[in-house]
Amino acid sequence: MPPSLDYDPISPVYDARYRFGGPAGVLNGLRQLTRSGDVRRIAEIGCGTGHWLGELESLGWTCGLDLSMGMLRKAQDKLCESRLLRADAHRIPLESESMDLLYCVNALHHFTDPSAVIAETARVLRKSGTLAVVGMDPQRDGDQWYLYDFFPGTLETDKARYPSTQQIASWMKGSGLSETRSRAAARIRNSTRGEGVFADPILHKSGTSQLTLLTDEAFRAGMTRIRSAIEDNPTAVFSTDVTLHLTVGKQP
């Protein structure tokens with residue numbers, strides 16, 4: 001079971017991560033799916049503050065679901081057309097066979113039973129409808145992230161809570177979806193030197209779930225390690241090279 005995380009207190013600062021618009025590959029992948037077939041009804045599971053939904057709401061009837069009222073209030077401030085629902089992803093309040101595209105970006109790992117969520121989305125999809133799941137896959141051991149280096153235990157926690165793309169595809173198949181496939185959707189690459197790392201909008205206790213899940217003591221210890229590394233080398237490099245994967249399945 002993934003660790004519990006309350007997004008209400010995080011909602012005021014969550015959008016800082018989108019200061020440059022978010023990974024373009026994710027948006028391009030979602031838009032490509034809207035062009036495959038007759039896609040008129042779209043829903044996002046775990047819509048958060050509505051960043052991705054806002055990019056798609058001009059394409060049809062759109063709906064965002066999230067359990068956090070704080071996140072939904074932020075979404076309401078920016079969205080024009082989308083319907084927003086406070087809902088548990090394990091019990092989606094949409095009619096069976098009602099949606100053409102359901103997608104989930106960086107949220108599946110937060111759900112208590114992600115396989116049950118996949119099954120729920122399969123129920124809601126129309127014939128030939130598509131489910132798309134975007135997220136990290138720490139099981140591949142290919143990502144490099146300075147958070148993993150300076151905050152011990154975060155990588156191990158991520159490996160425990162993020163399902164692999166193979167597992168997601170297996171759940172899709174077990175729920176009756178077909179034509180499952182996975183590919184890299186976006187690669188997040190950046191590096192900062194020395195004090196510049198403190199301008200990273202996620203480098204605070206509420207900046208990203210990896211840090212929010214830490215105890216206050218563990219978080220302070222990690223920040224002390226970063227400061228010590230800069231004291232030892234003022235031009236120390238703090239690198240991020242993380243791939244987001246897109247896994248897709250279709251309702252036959």
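Helices and strands are here DSSP runs, numbered from the N terminus, and in this predicted model one such strand, β2, covers residues 61-66 and contains Asp66.

Asp66 is a useful place to begin. Asp66 is buried and yet has no salt bridge, for the nearest side chain of opposite charge, that of Arg86, is 7.7 Å away. A salt bridge would need a side-chain nitrogen of Lys or Arg within 4 Å of a carboxyl oxygen of Asp or Glu, so the distance of 7.7 Å to Arg86 does not qualify. The side chain of Asp66 does, however, have a polar atom that lies 2.9 Å from the backbone nitrogen of Ser68. When its neighbours within four places in sequence are left aside, Asp66 is in contact with residues that include Gly46, Cys47 and Gly48, with Met71 and Leu72, and also with Leu85, Arg86 and Ala87.

Two of these contacts of Asp66, Cys47 and Met71, lead on to other parts of the chain. Met71 has its C-alpha atom 9.0 Å from that of Pro9, although the two residues are 62 residues apart along the chain. Pro9 itself belongs to the segment that comes before α1 (11-14), and Pro9 is exposed, with a relative accessible area of 55%.

Cys47 leads to the question of how many disulfides the model holds, given that a disulfide is a pair of cysteine sulfur atoms within 2.5 Å. The count comes to 0 disulfides. Cys63 is in no disulfide, since the nearest cysteine sulfur, which belongs to Cys47, is 7.9 Å away, and Cys63 is buried, with a relative accessible area of 0%. For Cys104 the closest cysteine sulfur is again in Cys47, and at 10 Å it is too far for a bond; Cys104 also counts as buried, at 3% relative accessibility.

Further along the chain, helix α8 spans residues 165-174, and its buried residues are Thr165, Ile168, Ala169 and Met172. These residues lie on the same side of α8 because they cover an arc of only 100 degrees around the axis. On the other side of the helix, Gln166 and Gly174 are exposed. What do the buried residues of α8 pack against? Their partners are the helix α5 (114-124) together with the strands β5 (125-135), β7 (178-193) and β8 (237-250). Just after α8 comes Gly176, which takes a positive phi of about 95 degrees.

How values were computed:
Residues are numbered from 1 along each chain as its sequence is written. This is a predicted model: local features need pLDDT of at least 70, side-chain atom pairs count only at pLDDT 80 or more; totals for chains, interfaces and linings use all residues. Side-chain values use heavy atoms; hydrogens and water are left out. Buried means under 20% relative accessible area, exposed over 50%, partly exposed in between (1.4 Å probe, protein chains only). Helices (H or I, at least four residues) and strands (E, at least two) are DSSP runs, numbered from the N terminus. The arc is that of the directions from the helix axis to the C-beta atoms. Contact means heavy atoms within 4.5 Å. Lys and Arg count as positive and Asp and Glu as negative; His and the chain ends are not counted. A polar contact is a pair of N or O atoms within 3.5 Å; within protein, one must be able to donate a hydrogen and the other to accept it, and residues adjacent in sequence count only if both atoms are side-chain atoms.
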